[in-house]
Amino acid sequence: MSKEKAFEAPPIPPAPQIPALVEGAMSHSRPFVAEPEHQRALGFPGELVDDWHDRAIEKMGDLLHRYRGFRVFLDACVKCGACTDKCHYFLGTGDPKNMPVGRQDLLRKVYRRHFTLAGKFFPKLVGAADLSEEMLDDWYRYFHQCSQCRRCSVFCPYGIDTAEVSMAGREILASIGMGQKYSNEIIGKVHRIGNNLGLPQPALAHTLEGLEEDIEEETGVRVRLPLDQADSDILLVTPSADFFAEPHVDGLIGYAKVFHQAGLRWTLSTKASEAANFGLFIGSYENMRKVALRIRDAALDLGARRIVFGECGHAWRVAYNFLDTLAGPLDFLDPKYPAPQHIVEVTHDLISRGALRLDPSANDERRVTFHDSCNIARASRMGEVAGGQFALPRDVLRSVCNHVFEMDPDATGERTFCCGGGGGLLTDDLVELRVKGSLPRMQAFKEIVRRHRVSHLVAICAICKSQFSKVLPFYGFTMDQVLSLHQLVGDAIVLGER
Ligand code: SF4
Ligand code: SF4
């Protein structure tokens with residue numbers, strides 16, 4: 001059971017601030033453990049196995065053998081301290097186990113004890129420790145206080161990636177029967193039904209028809225949101241939150257308007273009605289692959305020649321880095337286009353070619369700033385040039401909105417702060433962590449609001465949008481101060497005859 005207690009959002013400091021250390025400040029934060037049925041559906045034991053210690057060590061050995069980088073990360077740390085104040089969860093809580101190096105050390109100590117000579121014979125000298133029940137509990141708590149955002153790795157002189165350590169920790173935990181309820185339940189729904197929400201085909205079709213009617217009522221133009229349309233040029237794979245949540249759904253309407261005006265034949269798919277791939281969060285290659293294969297199958301079934309991803313950060317991280325490995329070869333797709341492609345790339349290209357009729361003054365009431373989502377900023381790229389993941393969305397934003405302002409450079413681009421809800425933490429049993437972890441982003445937002453009267457944060461990640469809707473009110477803002485980039489695009493598109 002989660003032991004979430006009443007809490008208050010920390011006050012936003014006038015400038016970024018390193019908190020005082022508070023030992024154990026977040027030791028009570030622990031997400032619900034997965035139910036046996038959710039565990040078994042993913043190929044894991046239903047509950048904590050009797051011989052959990054030996055199996056955990058065996059699994060660690062397996063991961064060390066399979067992933068060279070994992071071993072290097074555990075060996076390379078020189079305790080220089082450069083990462084200690086770079087994690088938003090540390091900055092928001094002061095808990096030293098939320099320092100990236102503190103988090104890594106939970107696993108490193110056990111690694112040293114079992115996989116290094118010095119740790120076997122002189123454990124105290126090299127900081128090695130046994131995998132005790134207490135340590136196992138710390139793994140569960142603190143590997144679920146990392147959103148796998150990779151900010152710390154930008155500052156580490158050795159490039160040590162705590163996200164990879166957390167993923168490995170979670171994979172070991174799931175393999176001994178201690179998976180996380182939120183992530184594992186969702187992955188099960190994707191395997192069974194096709195999306196995170198468990199939305200079946202009739203409900204999805206009905207929702208899309210309703211959106212078509214809404215657009216027609218508002219604009220007088222029939223813009224299609226096709227489902228399972230064979231022989232479409234483009235299969236759009238988008239987070240299922242786009243089908244109903246605010247502000248996500250306004251982004252989906254924006255994609256539809258883009259495709260409509262550009263005359264592109266596109267479709268959504270029931271089978272691949274989810275871009276998210278939570279297999280990444282739990283570090284499970286097998287589950288990540290199974291989720292990714294639906295997309296390949298859907299594209300083949302529908303005869304699609306392009307796969308385009310909607311606004312979802314970690315989905316793009318998986319797609320950009322691994323789709324070909326997980327679900328390739330993708331040689332049936334049109335070689336003229338990247339496989340896969342991001343919706344921002346599609347819109348950017350159309351704008352560059354003058355193929356969209358835009359009126360940015362439609363957004364004149366909005367004064368916006370762009371939030372770089374961590375999975376796009378630090379774990380993938382976009383377009384053909386380095387840094388495209390920062391430039392392309394901003395180019396699109398400036399084409400559709402006249403009032404765009406930048407937050408502090410230490411809180412944007414490669415140094416962007418996570419929203420606080422990524423990496424499988426977007427669950428109500430972790431709301432305290434989510435609120436506190438969003439402090440650095442809220443600090444930067446408050447500052448740009450103060451300086452430029454900014455009204456909205458704009459994001460291209462479904463998790464960021466949901467997370468901000470939840471946490472903004474804790475800091476004196478309103479939940480509707482977050483927008484989808486393609487909402488602004490959709491509002492600026494002038495539909496109808498040229
Ligand atoms: S990956 Fe992100 S959340 Fe995890 S320790 Fe590093 S900075 Fe913190
Ligand atoms: S910055 Fe890198 S080397 Fe330095 S303490 Fe952190 S993880 Fe270790």
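Here is a short chat about a predicted model, covering its two ligands, two sheets and one buried alanine.

Reader: Let's start with ligand 1. Which helix gives the largest share of the shell around it?

Author: Three helices, α5 (100-115), α8 (151-155) and α9 (162-175), each supply at least two residues of that shell. Three residues come from the helix with the largest share, and that helix is α9.

Reader: And which residues come nearest to ligand 1?

Author: There are 16 residues around ligand 1. By class they divide into eight nonpolar, four polar and four charged. The ones that come nearest are Cys87, Cys146, Cys149, Cys152 and Thr162.

Reader: What about ligand 2: how many nonpolar residues does the shell around it have?

Author: Cysteines turn up here too, with Cys77, Cys80, Cys83 and Cys156 among the residues surrounding ligand 2. Lys79, Gly81, Pro100 and Tyr158 are also among them. The shell has one polar and one charged residue, and the nonpolar count is 10.

Reader: On to the strands. Are the residues of β1 buried or exposed?

Author: Strand β1 covers residues 234-237. Ile234 and Leu236 point one way, while Leu235 and Val237 point the other. In a regular strand, side chains alternate between the two faces of the sheet. Whichever way they point, all of these β1 residues are buried.

Reader: Which residue of β2 is the bridge partner of leucine 235?

Author: β1 and β2 (residues 266-267) run parallel and are joined by two bridges. Isoleucine 234 has tryptophan 266 as its partner. For leucine 235, the partner in β2 is threonine 267.

Reader: What is the handedness of the β-α-β crossover from β1 to β2?

Author: β1 and β2 run parallel. The chain leaves β1, passes through helix α12 (residues 248-262) and arrives at β2. That crossover is right-handed.

Reader: Which residue in β3 stands opposite leucine 236?

Author: β1 also runs parallel to strand β3 (residues 306-309), and four bridges join the two. Across from leucine 236 in β3 stands valine 308.

Reader: Which are the edge strands of that sheet?

Author: The sheet is open, has four strands with parallel pairing, and follows the order β2-β1-β3-β4. An edge strand here pairs on one side only, and that holds for β2 and β4 (341-342).

Reader: At what angle to β1 does helix α13 run?

Author: Helix α13 takes in residues 285-302. It lies across β1, β2 and β3, and its angle to β1 is about 150°.

Reader: Now the other sheet. Which residue in β6 is the bridge partner of threonine 369?

Author: This open sheet of four strands has the order β6-β5-β7-β8, again with parallel pairing. Its edge strands are β6 (404-405) and β8 (482-484). Two bridges join β5 (residues 368-370) to β6. Threonine 369 has as its partner in β6 phenylalanine 405.

Reader: Which helix lies across β5, β6 and β7?

Author: The helix covers residues 388-400. Running at about 165° to β5, it is α17.

Reader: Last one: why does alanine 276 count as buried?

Author: Alanine 276 is found in the loop between β2 and α13. Leaving out residues up to four places away in sequence, it touches Asn196, Pro239, Cys312, His314 and Ala315. The cut-off for buried is 20 or more other C-beta atoms within 10 Å. Alanine 276 is buried because its count of other C-beta atoms within 10 Å is 25.

How values were computed: Residues numbered from 1 in each chain as written. Chains lettered and ligands numbered in written order. Predicted model: local features only at pLDDT ≥ 70, side-chain atom pairs only at ≥ 80, totals over all residues. Near = placed C-beta within 6 Å. Nonpolar A, V, L, I, M, F, W, Y, C, P; charged D, E, K, R; others polar. Buried ≥ 20, exposed ≤ 12 C-beta atoms within 10 Å, placed from the backbone. Pairing = 2+ DSSP bridges. Right-handed = clockwise from strand over helix to strand, strands pointing away. Contact = placed C-beta atoms within 7 Å. Axes fitted to C-alpha atoms, helices over the stretch in contact; angles between N-to-C directions.
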